[in-house]
Amino acid sequence: HADLAMYEAKAKGRNTYHFYNQELNAAAKERLMIENELRIAIKEQQFELYYQPQVDCRTNEVVGFEALIRWFHPTQGMISPVKFIPIAEATGLIVEIGEWVLWEACRFAKRLEEQGRGNNISINLSARQFKDSNLKALLSRILVKTSISAQSLHLELTESMLMGDVEVAINQLLELKMLGVSLSIDDFGTGYSSLSYLKRFPVDILKVDRSFVKDIPADSNDMEITAAIIAMAQKLNLNVVAEGVETSEQITFLKNNNCYIVQGYFFSPPLAEAQVPELYKQLALKAIC
Ligand code: C2E
Ligand code: MG
Ligand code: MG
Ligand code: MG
């Protein structure tokens, strides 16, 4: 890729070449910086989990939370997971980070349960974690130690993680299902999973990607696609969660199309644990109105 960029740049002349070269250097430098800083972040525990509620929009009740990692770097402030998760994945550091995420999120779920707010907890798995032969044993340990119910643990996978060797993926999914956990396909509709495979994957939930939801009701194609995904999920007996729901128009559209579980800024951004009690208060007030 880099070679190609340089070749094209050279063809365009020396200045452009220089420009590309600098850009590539800057990208490589940032990557290396993040990689080094990630190792320190693990040691010094600079990560935190935030929790975004998934809400039943008929009753305004919280039905679960998705755990989303945040990296608070001592000098650079918050670094987005979009920036560092791919690097953690490429370097293998994700396995250690992901293990921490699983423990931390399940302990959070246990604390909620102890407050009488037992709820589902959704956790994003990376491709490396999904392939890791220790994953099943790790999950059993976590389920035993935290004593949360297995079905309330929802593991989020993406289509691309399942589409390589489909038979291997199906076996992996079956192994996880044997633990009793629930499985979701995240960002559904953005990957390449074919519908015939979807039927064979033992998954429980489809999460409609934000990219289809965000331009509802302005974009009629997106409305058609979203409605079709919801209808298909129902036919396959899967639950549906809509991601990135920001407006009441989107809520109305989703309700009219039989999708009731929504996640997005309309109800709440991802929150630090300390903000969660306030969320319950706010939603209770909304429900009364
Ligand atoms: P995702 O799993 O699809 O998570 C949803 C993302 O959409 C989150 O971004 C969330 O903050 C954002 N979001 C939620 N509602 C809205 C909304 O109404 N509008 C908009 N514009 N955005 C909304 P975030 O937290 O930056 O995470 C980005 C991605 O990073 C996640 O996408 C997930 O793929 C990955 N990620 C986050 N935490 C973890 C983790 O612990 N492990 C792994 N492997 N990946 C993670
Ligand atoms: Mg997710
Ligand atoms: Mg998603
Ligand atoms: Mg997404």
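**Figure 1. Two magnesium ions share a ligand residue in this predicted model.** The magnesium ion (ligand 3) lies 3.8 Å from the magnesium ion (ligand 2), and D186 coordinates both. With a relative accessibility of 7%, D186 counts as buried, because the cut-off for that class is under 20%.

**Figure 2. Protein donors of the magnesium ion (ligand 3).** The ion is coordinated by D186 (OD), D187 (OD), E243 (OE) and E243 (OE), at 2.0 to 2.6 Å. Along the chain, these donors follow the spacing D-D-x55-E. D187 has a relative accessibility of 25% and therefore counts as partly exposed, whereas D186, at 7%, counts as buried.

**Figure 3. Polar contacts of ligand 1.** The side chain of Q52 places an N or O atom 3.0 Å from a nitrogen atom of ligand 1. A polar backbone atom of I69 is 3.1 Å from a nitrogen atom of the ligand. A polar backbone atom of Y265 lies 2.8 Å from an oxygen atom of ligand 1. On its own, ligand 1 has 800 Å² of accessible area, of which the protein covers 82%.

**Figure 4. The surroundings of ligand 1 in the largest pocket.** Ligand 1 is surrounded by 23 residues, the closest being R70, N124, D186, E246 and Y265. D186, one of these closest residues, also coordinates both the magnesium ion (ligand 3) and the magnesium ion (ligand 2). Two or more residues of the shell come from each of β2 (61-73), α3 (81-91) and β6 (182-188). The largest share, four residues, is contributed by β2.

Note on methods. Residues numbered from 1 in each chain as written. Chains lettered and ligands numbered in written order. Predicted model: local features only at pLDDT ≥ 70, side-chain atom pairs only at ≥ 80, totals over all residues. Heavy atoms only, no water. Donors = N, O, S within 2.8 Å, 3.2 Å for Na, K, Ca; no water. Buried < 20%, exposed > 50% of the residue type's maximum accessible area, 1.4 Å probe, protein only. Near = heavy atom within 4 Å. Polar contact = N/O pair within 3.5 Å; in protein donor to acceptor, adjacent residues only side chain to side chain. Areas by Shrake-Rupley, 256 points an atom, 1.4 Å probe, with all protein chains shown as cover. 1 Å grid on protein atoms, 1.4 Å probe; cavity = no way out; pocket = protein on both sides within 12 Å on 5 of 7 lines; lining within 4 Å. Sits in = over half its atoms within 2 Å of the grid points.
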